[in-house]
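User: I am new to this structure. Please take me through it, and tell me what each term rests on.

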Amino acid sequence: MALSKRELDELKPWIEKTVKRVLGFSEPTVVTAALNCVGKGMDKKKAADHLKPFLDDSTLRFVDKLFEAVEEGRSSRHSKSSSDRSRKRELKEVFGDDSEISKESSGVKKRRIPRFEEVEEEPEVIPGPPSESPGMLTKLQIKQMMEAATRQIEERKKQLSFISPPTPQPKTPSSSQPERLPIGNTIQPSQAATFMNDAIEKARKAAELQARIQAQLALKPGLIGNANMVGLANLHAMGIAPPKVELKDQTKPTPLILDEQGRTVDATGKEIELTHRMPTLKANIRAVKREQFKQQLKEKPSEDMESNTFFDPRVSIAPSQRQRRTFKFHDKGKFEKIAQRLRTKAQLEKLQAEISQAARKTGIHTSTRLALIAPKKELKEGDIPEIEWWDSYIIPNGFDLTEENPKREDYFGITNLVEHPAQLNPPVDNDTPVTLGVYLTKKEQKKLRRQTRREAQKELQEKVRLGLMPPPEPKVRISNLMRVLGTEAVQDPTKVEAHVRAQMAKRQKAHEEANAARKLTAEQRKVKKIKKLKEDISQGVHISVYRVRNLSNPAKKFKIEANAGQLYLTGVVVLHKDVNVVVVEGDDEESDEEAVKKTNKCVLVWEGTAKDRSFGEMKFKQCPTENMAREHFKKHGAEHYWDLALSESVLESTD
Amino acid sequence: KRARQINVSTDDSEVKACLRALGEPITLFGEGPAERRERLRNILSVVGTDALKKTKKDDEKSKKSKEEYQQTWYHEGPNSLKVARLWIANYSLPRAMKRLEEARLHKEIPETTRTSQMQELHKSLRSLNNFCSQIGDDRPISYCHFSPNSKMLATACWSGLCKLWSVPDCNLLHTLRGHNTNVGAIVFHPKSTVSLDQKDVNLASCAADGSVKLWSLDSDEPVADIEGHTVRVARVMWHPSGRFLGTTCYDRSWRLWDLEAQEEILHQEGHSMGVYDIAFHQDGSLAGTGGLDAFGRVWDLRTGRCIMFLEGHLKEIYGINFSPNGYHIATGSGDNTCKVWDLRQRRCVYTIPAHQNLVTGVKFEPIHGNFLLTGAYDNTAKIWTHPGWSPLKTLAGHEGKVMGLDISSDGQLIATCSYDRTFKLWMAE
């Protein structure tokens, strides 16, 4: 069974690894020799003889390993062709053994389980590769598989419960194992230990990775929904398609399980050790199927199984160790600040108390005063009271007109106190000082520009002199090129001209770019325009009321509406027989409203300012009766606009 | 280099102030303004221009907070104030009684008669026309006032002259010389030409330099000056009794002067900006002031309290007037509106979108208050029905802003004066 060169190349790393493992160090001569052996297609014995000089006592073991590796490499290469055949079986195994696999693997890598489950579930949902006949995966089959799986799980549970006490005691290999391990190879205990450690190490890393992935998945609940997708992703993440591994097992049933001095080295560990990227589960499927692994499982704590089946990765588990607490230091001066604040507050309160005390001393308390002043009962419009409330305040005992000489001193509240009521700031605060910009004459402007430019130039020159900046290349123009680039220009005028032109173009470009950079972007320009259109309503809104004789023309209506929309005006249009009132709130520059309807007698009824807008978006309202129109205005607290417009129109008609 | 970019005032005193604010010597030996300025600039370039700004801002803040914490407080006025208040109480209470009595009587008149009267009035008002126009002076005329007997009209002019005109033929009777600056207002004593002697104080006027002068009818010179104002006095108004004179001042206060005692009895604060107009209640019990802070206040003259706060205008109040019915107040404002307030209900009853420019004056018809007259900077005066507030007539004819207006006490004549240096009389045909 001679191998091609390419195959040999592929095998080389394997062999190297094996050599290293057996000898404890890498030895290129051994590798080449081994490669030779394999390449020539020697059988084991011959190869052992051949390699004897290199590795005397460990030869046999090495050869075994070597052939194993070669077989493995080959099988993986053959896997493609045999995949069709094996697929179905694999599926079955997968289904049948998911629990076992997970249990087994969990011994080393607990966290890996969820992913494995997902992986195993995957084929159920997605049909295998297209080469596989889809008919194989009928519903019935799946059902059967599931049943088988559950049965097996049950069995396994029973077994586990029997052997639940974990016995780390060394176990003799089961009777069936020797035939499985025909090579009967032994490994040094120390080596085995290192392998184990190695495997465990790797498994832990994998577990960490897995945990991270799970955490991410938990963050995205949408992804959890279709586990098969995740499974697929995981499959890919693992690098190599699982079937490969499994196929090898099928083609060559030699398991990689090593057994020495009672402690069973898990196949998983070995596998990982051997092939970096190859997930171990499919291999385990194979192994688990066999009865002799019961012993192995005995070693594993039963709780693992529980944690497998009921493990929810989304539930966060509190770490067994409490996190160490760190010191929290306060910033310097924090309490000082707090104290200062308290002190100022106390001071302020004291001051206020003093003020109020003084006020009480000099006058009557404000609240009682207000209660006294307020009118006793509400009067209806048009009612004439017995006495005006402001008069009744000073004569609480009543007043009779019969008394001729009203020289009475029993008036209430007449003192010589002068009130200083609290002053309120005006609603529109326009006392911000108006500052004129600095306006310079043309001469001054020029002077300033000259000075600043000279300054900048000086600075530049200074920099150049200090060597902080390379001196600028001479600025050449067409007009001065002869002077600047004298001899060069004479030698090659064309080239120099091209150079000059390039420089000019560069200058031009730089200038234009600077200009463009200074320009507002389209967005900014838009915002600026809108800002300009939108009035500053903090100082009151400008309002115009127009009265239009006829506003039935939809074109006019549209114009009003469009104008209002574009200029960010609000208001209302009330349509009544003869009196159509247009109220516009917004900027005071929109007299175009008027222009719209010049022919149609539009009268500006009123314009002025109001505190704030009383209407929303420009709306049209058809009002058949006057009352209705007034009501509509009243709703917005602006009935006086309507009153005025209506009465003006009435006056107009009577004239 | 940084120093050169800092703008420093060229005013030497300001430079010194800045230096002082920064805690630097304001001048060094042999240092001139230029060097000082340069020094300030150098200092500023080191400490940064923010240093000065901050101090300025602190100043402002402290000022503002001081105002914010302002509360109602009292101080004791002179003893004469109490005397005057008692006097006003004695004066106003019977008048109030009388007024209410009359109102009740008026109410007993059947509805139909009243409405017919009203219609008659409206009809006559509709026919109001420009009856006479006279160029009053060579500067804008700021104020006009009818004498109580409606035979004379006093006009105040920005030239500083006040003139008395005969009505209705508009002949110049007197020229009152005394003011040097814009005269804000001139008003007749409520009893002058009716029962008051010509030699007595018949008129009062105020000017932009803060001078308030009292005039008699037989002299062109002021009888007396009222000292005490430092800034512009916008308006003066007589108390209905004729004993007191109210003045409004741009120093945020209005004053009440007792002419019998010849002293200021009340210096009333309360507005946060200058006070522009003042009006007295018919009874003499209340005074209303309108300020440039867009608020109006109604004061009880007997107790000295602000009994009503007229809040609603957006801009300065330029005119305030009491209705003869005793409980309506009209205010005209810079926001082109005129508001009518009800004293009894203590609220704004109606907002008249009166004019297209700021409203300079409002006046109720003095007998029954059946109509309201408003004048504005849109060159027109308008007449509004009083309850109802619908427009009756627009008095258009002036070529300039209407600065002042008045209605004669018999209700027959209306006078308006304008920026175009004329005053016009309007009468129903």
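User: What makes residues of chain A and chain B part of the contact, and how many does each chain give?

Analyst: Contact means heavy atoms within 4.5 Å. By that rule chain A gives 75 residues and chain B gives 80 residues. The model is predicted: local features need pLDDT of at least 70, side-chain atom pairs count only at pLDDT 80 or more, and totals for chains, interfaces and linings use all residues. Residues are numbered from 1 along each chain as its sequence is written, chains are lettered from A and ligands numbered from 1 in the order in which they are written, and side-chain values use heavy atoms, with hydrogens and water left out.

User: What is called buried area here, and how much do chain A and chain B bury?

Analyst: Buried area is the accessible area (1.4 Å probe) that two parts lose on being put together, summed over both. For chain A and chain B this is about 7000 Å². Carbon and sulfur atoms carry 56% of it. On the chain A side, A:Trp390, A:His420 and A:Gln423 supply 12% of the area buried against chain B, more than any other three residues.

User: How many salt bridges does the rule find across the interface of chain A and chain B?

Analyst: Zero. A salt bridge needs a side-chain nitrogen of Lys or Arg within 4 Å of a carboxyl oxygen of Asp or Glu. No pair across this interface passes that rule.

User: What makes a residue pair between chain A and chain B a polar contact, and what is the count?

Analyst: A polar contact is a pair of N or O atoms within 3.5 Å; within protein, one must be able to donate a hydrogen and the other to accept it, and residues adjacent in sequence count only if both atoms are side-chain atoms. The count between the chains is 13 residue pairs, both residues at pLDDT 80 or more.

User: Which helix gives the most to the side of chain A that touches chain B?

Analyst: H27(A), with nine residues. Helices (H or I, at least four residues) and strands (E, at least two) are DSSP runs, numbered from the N terminus.

User: What classes of residue make up that side of chain A?

Analyst: There are 37 nonpolar, 19 polar and 19 charged residues. Ala, Val, Leu, Ile, Met, Phe, Trp, Tyr, Cys and Pro count as nonpolar; Asp, Glu, Lys and Arg as charged; the others, Gly among them, as polar.

User: Why are S3(A) and strand S1 of chain B called paired?

Analyst: Two strands pair if DSSP finds at least two bridges between them. S3(A) and S1 (residues 73–76) of chain B have four bridges, so they pair. They run antiparallel. One partnership is A:Val418 with B:His75.

User: What makes S3 and S6 edge strands in the sheet S3-S4-S5-S6 of chain B?

Analyst: Strand S3 (141–146) and strand S6 (172–176) each pair on one side only. The sheet is open, with four strands in antiparallel pairing. Five bridges join S3(B) to S4 (residues 152–157). There, B:Cys144 has B:Thr155 as its bridge partner.

User: How do H26 and H27 of chain A cross?

Analyst: Two packed helices are described by the angle between their axes and the distance between the axes. Axes are lines fitted to C-alpha atoms, for helices over the stretch in contact, and angles run from 0 to 180 degrees between N-to-C directions. The axes of H26 (residues 626–635) and H27(A) come within 7 Å and cross at roughly 145°. Their contact has five nonpolar, no polar and five charged residues.
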